Amino acid sequence: TVWLEFRRVLFRSIALHLERERDALLVQATTAAFVTDQEEQEKMEEEAVVTLAEQRRSLAAASAALRGATTNNNNIIRDNKGESEQIKDYANAQYYGTVSIGNPPQSFQVIFDTGSSNLWVPKKGCTHCGNPFFGQKSKYNHESSQTYKEDGKDFEIMYGSGSVSGFFSFDQVILADDLTIQSQRFAEVQDAGGLGMAYSLGKFDGILGLGFSSISVDGTTPVFENAIKQHVVDQPVFSFFLGDDGPGELTFGGYDPAKFSGDLTYVKLSSATYWEINLDSISSGSYKSAPNADGKPITAIVDSGTSLIAGPKKDVRELAAAVGAKPNIVGEYTIDCEKVDDIPDVEFTIDGKTYKIPGPNTVIKAANTCLFAFMGVDFGSPLAPQWILGDVFMRQYYTVFNYLDRSEERRV
């Protein structure tokens with residue numbers, strides 16, 4: 001059926017996204033591997049610490065000035081809800097919302113992606129950017145914007161099947177109703193061929209990265225970091241509530257306590273590149289993850305731009321077998337739809353606290369197919385995270401991302 005074909009194309013796009021994560025992390029690993037001289041390595045580490053400290057002081061100063069904000073030890077104002085916008089849900093596989101660029105504003109549907117850090121949208125005249133019959137895309141026209149400023153430097157992101165390329169520009173960006181960031185550097189994409197048919201079939205025009213500047217193409221300051229520096233938001237946090245076959249919400253500068261019960265649980269980041277944390281273990285049925293042989297913690301990134309949960313191939317294979325899922329010829333795992341209610345919970349233990357995903361919630365249904373929402377991916381580098389906790393995880397837990405304190409908090 002058309003839906004089944006779309007599902008296959010869509011999940012191939014997820015695989016390409018995971019390859020992008022892997023390639024970016026391997027670049028970091030390769031760069032680190034070239035530093036063989038101990039004194040040079042120590043010098044680089046010291047410079048990195050100084051740079052990070054300066055960045056934190058700059059953001060802290062901006063945060064302290066945000067509309068007279070008063071914060072607690074976790075840099076979160078408990079009674080401030082920030083400003084929110086609706087996140088649309090397409091088949092529990094794509095989550096996207098609206099961003100406006102320019103003056104007068106030009107609106108675009110973007111994936112708000114915590115797994116990347118750049119903002120890009122297609123430009124007028126873009127090739128491989130939808131077609132007249134389906135998947136039409138809104139396109140940016142800088143000639144129509146009074147606040148556009150030229151940059152012109154080349155922009156390119158590599159994907160598994162090709163690249164997305166264009167050039168950088170500056171313009172104002174509006175989040176939610178009226179959170180206006182001035183002179184934001186972003187990319188006008190003139191060829192999106194690297195995304196393939198998944199882009200044409202998808203509901204989004206571009207991507208707005210919510211990661212850190214350390215993984216931003218050409219060191220571009222991310223949109224939310226500029227929102228903090230320009231005192232646009234009340235707090236240096238943003239929060240996701242993902243819908244389940246229904247609309248969700250993304251809050252900038254705070255969070256919405258009406259979206260969860262109880263207290264938020266604070267989790268410190270292990271790396272301020274992606275939103276990376278340490279996992280104690282993953283378990284379900286007879287499966288339980290083994291500790292790393294080198295004694296280092298199991299790592300994961302919390303990624304709103306990935307639909308599934310990804311982990312090492314060996315672990316995902318064993319986990320799938322433990323819940324009764326079987327591999328198919330394209331590397332996915334499916335399960336008998338009549339047995340979905342019998343799937344055991346999958347438990348992630350993080351900093352001593354267990355986060356459960358009910359068994360039936362680990363399945364994505366498409367027509368008569370029940371897909372186990374875990375994908376095996378080996379990143380191939382000791383510096384790369386081992387797991388990606390995508391939308392399947394974030395649908396279950398309200399998640400607050402604290403940009404200044406380099407942490408994230410979550411609650412059902």
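Me: Which order do the four strands of the open sheet take, and in what sense do they pair?

Reply: General idea for the terms: strands are DSSP runs (E, at least two residues), helices are H or I runs of at least four, and both are numbered from the N terminus. Two strands pair if DSSP finds at least two bridges between them. Here the four strands run β18-β19-β23-β22 in an open sheet, with antiparallel pairing. The edges are β18 (326–327) and β22 (363–366); each has a single partner strand, so one side of each has no neighbour in the sheet. Before you go on: this is a predicted model, where local features need pLDDT of at least 70 and side-chain atom pairs count only at pLDDT 80 or more, while totals for chains, interfaces and linings use all residues. Residues are numbered from 1 along each chain as its sequence is written, and side-chain values use heavy atoms, leaving out hydrogens and water.

Me: OK, how many bridges hold β22 and β23 together in the pairing?

Reply: Four bridges, in the antiparallel sense, with β23 covering residues 369–372. For one of the partners, look at Val363, which is bridged to Phe372 in β23.

Me: Now disulfides. How many are there by the rule?

Reply: The rule is a pair of cysteine sulfur atoms within 2.5 Å. It gives two disulfides here. Cys126 is joined to Cys129, S to S 1.8 Å, and Cys337 is joined to Cys370 at 2.1 Å. Number the bonded cysteines in sequence order and the pairing reads 1-2, 3-4.

Me: What handedness does the link of Cys337 and Cys370 have?

Reply: Right-handed, with 120° about the S-S bond. This pair links distant parts of the chain, 33 residues apart: Cys337 sits in the loop between β19 (333–334) and β20 (346–350), and Cys370 in strand β23.

Me: Is Cys370 buried or exposed?

Reply: The cut-offs use relative accessible area: buried is under 20%, exposed is over 50%, and partly exposed is in between (1.4 Å probe, protein chains only). Cys370 has 1%, so it counts as buried. Cys337 has 31%, so that one is partly exposed. In the other disulfide, Cys126 and Cys129 are both buried.

Me: Let's try Asp218. Which residues is Asp218 in contact with, leaving aside neighbours within four places in sequence?

Reply: Contact means heavy atoms within 4.5 Å. By that test, and with those neighbours left aside, Asp218 touches Lys153, Phe168 and Arg185. Asp218 is in the loop between β8 (206–209) and α4 (223–229), and its 38% relative accessibility is why it counts as partly exposed. Lys153 is 65 residues away along the chain, with 9.2 Å between the C-alpha atoms of the two.

Me: What polar contacts do the side chains make there?

Reply: A polar contact is a pair of N or O atoms within 3.5 Å; within protein, one must be able to donate a hydrogen and the other to accept it, and residues adjacent in sequence count only if both atoms are side-chain atoms. The Asp218 side chain makes one with the side chain of Lys153 at 2.9 Å, and another, also 2.9 Å, with the side chain of Arg185.

Me: And where does Gln235 lie?

Reply: In the loop between α4 and β9 (237–241). Its relative accessible area is 0%, so Gln235 is buried. A polar atom of the Gln235 side chain lies 2.9 Å from the backbone oxygen of Gly253.

Me: Last one: how many helices and strands does the protein chain have?

Reply: Six helices and 27 strands. Of the 412 residues, 53% are buried.
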